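Got the viewer open? Let's take a short walk through this model, one selection at a time.

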Amino acid sequence: MTTTPVSPIDLFASALHIHPDGDVQAGERRMTSSDCGAWQIATFHVATDADVHADHWEMHPEADEAVCCLSGGVRLCFRPARTGGAEDMVQLQAGTAAIVPRGRWHRLELDGPSDLMSITLRHGTRLEKRTGTR
């Protein structure tokens with residue numbers, strides 16, 4: 001057995017990548033597709049809607065996503081199933097999370113400065129500019 005020095009990882013500066021073989025590595029945050037097959041745990045200090053790309057829809061086709069509110073508050077919005085329909089919304093307060101089903105288009109809006117964590121497999125992730133109510 002070998003021993004490797006263990007040091008702290010700044011979760012607000014990098015992401016954790018959990019690989020199918022069980023390896024966990026700190027690395028660059030990936031907002032869109034990655035071919036490494038790793039799940040990503042990413043933590044963010046956010047202050048404005050621009051920090052959470054509120055003007056874009058996001059979708060993960062390969063896996064569910066856990067959206068976790070560590071501090072502050074956030075609204076998790078889901079794109080309507082049909083044009084002209086109303087968005088569904090889930091309010092998250094500090095210490096709560098919601099599971100976004102794979103393939104479900106979603107976006108975030110902040111109630112104020114917050115710390116958020118997302119956990120998902122980013123492979124195939126898509127972003128679309130939000131237009132109107134769709």
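**Stop one: a salt-bridged pair**

Start by selecting Arg126, which is partly exposed, with a relative accessible area of 42%. Now add Glu128: the two side chains form a salt bridge, 3.2 Å from N to O. Glu128 is partly exposed too, at 25%. Keep in mind as you go that this is a predicted model.

Next, select Arg75, Glu87, Arg107, Glu109, Asp111 and Arg130, which are joined into one network by salt bridges with shared partners. Zoom in on Arg75 and Asp111, whose side chains meet at 2.1 Å, N to O. Arg75 sits in strand β6 and Asp111 in the loop between β9 and β10, so this pair ties together parts 36 residues apart in sequence. Asp111 is partly exposed, at 41% relative accessible area.

Then move to Asp88 and Arg104, another salt bridge, at 3.3 Å. Here strand β7 is linked to the loop between β8 and β9, with 16 residues separating the two partners.

Now for an acid without such a partner: pick Asp115 in strand β10. Asp115 is buried and has no salt bridge; Arg29, the nearest side chain of opposite charge, is 9.0 Å away. What does the side chain of Asp115 make a polar contact with? Show His45: its side chain is 2.5 Å from that of Asp115. Other contacts of Asp115 include Phe12, Phe44 and Cys68.

Last, turn to the largest pocket, with about 230 Å³ of space. Its lining has 16 residues, and those closest to the centre are Met31, Phe44, His53, Glu58 and Leu108. Strands β3, β5, β9 and β10 each give two or more residues to that lining.

Key
Residues numbered from 1 in each chain as written. Predicted model: local features only at pLDDT ≥ 70, side-chain atom pairs only at ≥ 80, totals over all residues. Heavy atoms only, no water. Helix = DSSP H or I, 4+ residues; strand = E, 2+ residues; numbered from the N terminus. Buried < 20%, exposed > 50% of the residue type's maximum accessible area, 1.4 Å probe, protein only. Lys, Arg positive; Asp, Glu negative; His and termini not counted. Salt bridge = Lys/Arg side-chain N within 4 Å of Asp/Glu carboxyl O. Polar contact = N/O pair within 3.5 Å; in protein donor to acceptor, adjacent residues only side chain to side chain. Contact = heavy atoms within 4.5 Å. 1 Å grid on protein atoms, 1.4 Å probe; cavity = no way out; pocket = protein on both sides within 12 Å on 5 of 7 lines; lining within 4 Å. Points joined across faces, edges and corners; volume = space filled by probe spheres on them. Lists of a residue's contacts leave out its neighbours within four places in sequence.
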